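Q: Hello! I am in my first year and would like a close look at one part of this model, please.

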Amino acid sequence: MLRVTLNVDGEKQFDRGFSRFTHHIEDLRYIWKDVQKDFYEIEQKQFQSQGAHSNTWQPLSKKYGEWKARKHPGKQILELSGTLWKSLTSAGANGAIFDSQPDSMAVGTSIKYAQYHQRGTRKMPKRKPIDLVESDKRQIGRTIHRRLVGVAREDGFQVQGGAI
């Protein structure tokens, strides 16, 4: 069985097995670009909704919110310079990570302060920039499934449909 897991900062957020597709699967890099695209779409929703896509981010403290409104008017939660947002929504952006290997991939950000938002601190509440909900997991699972079915058909296998 082919097993795909997604870990975010040590937390397993996606774990799916694809039992129909074990033959001729040695290099999954052709799938990872599509998963990357899904990830960026999910992250766009997360940032545009200020976390409401998964679990609404807590508001800024009164003091910091007032400072931010004065110094950076119009900027939303988790957006000051836009670096974190861009790194999680755009391939090639400063801090964006995409590492595609035959049997694994990594997508995310190398922006150091992302971990403090993901985990929270004693002085700052957790506001997870990456927080996959069930519909996100289904989207990623369908993408992987669709690509695997396509390859199986190209190899001459008859593959019956079926939702994931």
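Among contacts in the protein chain with a separation of 6 or more, what percentage comes from residues 24 or more positions apart? And how do helix 1 and helix 5 pack?

A: Happy to help! This is a predicted model, in which local features need pLDDT of at least 70 and side-chain atom pairs count only at pLDDT 80 or more, while totals for chains, interfaces and linings use all residues. Residues are numbered from 1 along each chain as its sequence is written, and side-chain values use heavy atoms, leaving out hydrogens and water.

To your first question: residues 24 or more positions apart account for 59% of the contacts in the protein chain with a separation of 6 or more. Contact here means heavy atoms within 4.5 Å.

The protein chain has five helices and four strands, running β-β-α-α-α-β-β-α-α from the N terminus on. These elements are DSSP runs numbered from the N terminus: helices are H or I with at least four residues, strands E with at least two.

Now to your pair. Helix 1 covers residues 29–48 and helix 5 residues 134–154; they pack at an angle of about 160 degrees, with axes 10 Å apart. The axes are lines fitted to C-alpha atoms over the stretch in contact, with angles from 0 to 180 degrees between N-to-C directions. That angle makes helix 1 roughly antiparallel to helix 5, a label for angles over 145 degrees. Among the residues making the contact are Ile31, Val35 and Asp38 of helix 1, and Ile140, Ile144 and Arg147 of helix 5. By class, this contact has eight nonpolar, two polar and six charged residues. Ala, Val, Leu, Ile, Met, Phe, Trp, Tyr, Cys and Pro count as nonpolar, Asp, Glu, Lys and Arg as charged, and the others, Gly among them, as polar.

Some of these names come back in the largest nonpolar core, which has 14 residues: Ile31, Val35, Ile140 and Ile144 have the most contacts inside it. Such a core is a set of buried Ala, Val, Leu, Ile, Met, Phe, Trp, Tyr and Cys residues joined through side-chain atoms within 4.5 Å, and buried means under 20% relative accessible area with a 1.4 Å probe, protein chains only. Strand 1 (2–8), strand 2 (11–18), helix 1 and helix 5 each give two or more residues to this core, and helix 1 gives the most, with four.

Try finding Ile144: leaving out residues up to four places away in sequence, Ile144 touches Val4, Phe18, Ile31 and Val35.

Key: Angles under 35 degrees count as roughly parallel, over 145 as roughly antiparallel, 65 to 115 as roughly perpendicular and the rest as oblique. Buried means under 20% relative accessible area, exposed over 50%, partly exposed in between (1.4 Å probe, protein chains only).
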